[in-house]
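Biologist: Please give me a close look at one part of this model, with the terms defined as you go.

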Amino acid sequence: MSLGSAARAAAGVGLRASVRQAFRPRSIVDMSYSQHFMDPTGSAIPATMKKLVVTKLSPNFRQAVTLQAGVPVPVPGDGDLLVRNRFVGINASDINYTSGRYDPSVKPPFDVGFEGIGEVVGLGLTASARFTINQVVAYIAPGSFAEYTVVPAKFAVPMPSLKPEFLTLLISGTTAYISLKELGELTEGDKVLVTAAAGGTGQFAVQLSKRAKCHVIGTCSSKEKVVFLKSIGCDHPINYKTENVAAVLKKEYPQGVDVIYESVGGKMFDLSVRSLATKGRLIIIGFISGYETATGLSLVDAGVLPAALLKKSASLRGFFLNHYLSQYQEAMLTLLKMYKDGELVCEVDLGDISPEGKFIGLESVFRAIDYLYMGKNIGKIVVELPHPVTSKL
Ligand SMILES: NC(=O)c1ccc[n+]([C@@H]2O[C@H](COP(=O)([O-])OP(=O)(O)OC[C@H]3O[C@@H](n4cnc5c(N)ncnc54)[C@H](OP(=O)(O)O)[C@@H]3O)[C@@H](O)[C@H]2O)c1
């Protein structure tokens, strides 16, 4: 996804919230002599910081990325916010980004990390029309794997509080919401198969399909994930490590599956195609089983596709969040409301049960990516970036 354009859509969500914000009391400071507001004492902005930088193109995150310390904290421009990141989201595509697959023209060094939530600790004059110091914002913009990130104000979304749950909605939640709405054509009683169902975006595909009164089947790799899937309403979790998914689908759903939210690729894609019902829709969300390879692709049985699809009047539909930005604002507002009303579980995996414990600090981004590719996560992986000093503001 092009982060800039996704973020522009994310920013639209901020409009209503920023109207509410405008009515909050705030001190008026004449900073007209300055290009930006910074509050080094009140919010304890240091002179330097740590950040992760891609120094070599590779899908191997550890080989591609270097942790740099002593980097000057960037200064926001007129339309920018300086955000102190408190939680950053881990995405399967972080390694597509480090390998240069998003933009083949980009050359290292470049910043990495797609999304974050934190407080505004500095801002430009124009940005101050909509944001204030200490306000909590979430954003999609490149470079979130840093202690501080300069975020164009138009890419920031005001958030009610500093909860990692909000981060789960920015990319993972909206991807499920928009793709199922635009391409799923969900009808009550449809059978929906979600692959990688217990992960960052899969968890939302399960819940949204259930909300549309569909029968939901979800694949995953452990008994703990099966328990989690049941807890969020999945009718039929399948542990593919212990069960043969193709055989289970054939036996339990002889008429086939109406909608498939497919994130894994390779053999999972092939068996999914074979399991489609007449007029079934398979939405290609990703193909994670190929991302760690040099090509980034996972091989599929392409030769059989025309016959397999024609025979069932079925279709394959690609989905890329970046191409559905006009729907982003509505998606984000709906998901935020559902979460606020207790109608949506936003499962966060902070790494508590990972071998070396909770993901805290930028150093732990490396093992958080390993954890995702070991298939251990339940929900969205989030890394916490603690800040020891409480703001005086
Ligand atoms: N199209 C878009 O706009 C868009 C946006 C966001 C995400 N996505 C896609 O959604 C998918 C999930 O991304 P995410 O960031 O939310 O990750 P995630 O689901 O939180 O984590 C990935 C999960 O995939 C499974 N997995 C990991 N490595 C695997 C491998 N080598 N082979 C097979 N399965 C593997 C594991 O679950 P199991 O227990 O099931 O094995 C793992 O927990 C990816 O394909 C990603 O590219 C697409």
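Modeller: Strand β11 (residues 215–220) pairs with β12 in the parallel sense, over four bridges; two strands count as paired if DSSP finds at least two bridges between them. This is a predicted model, in which local features need pLDDT of at least 70 and side-chain atom pairs count only at pLDDT 80 or more, while totals for chains, interfaces and linings use all residues. Residues are numbered from 1 along each chain as its sequence is written, and side-chain values use heavy atoms, with hydrogens and water left out. Helices (H or I, at least four residues) and strands (E, at least two) are DSSP runs numbered from the N terminus.

Within this pairing, T219 has I238 of β12 as its bridge partner. Helix α6 (residues 223–231) joins β11 and β12 in a right-handed β-α-β unit: with the strands pointing away from the viewer, the path from the first strand over the helix to the second runs clockwise.

In a regular strand, side chains alternate between the two faces of the sheet. Along β12 (residues 236–239), H236 and I238 point one way, whereas P237 and N239 point the other way. All four are buried, that is, under 20% relative accessible area, with exposed set at over 50% and partly exposed in between (1.4 Å probe, protein chains only). Bridge partner I238 is thus described from two sides: I238 partners T219, and I238 shares its direction with H236.
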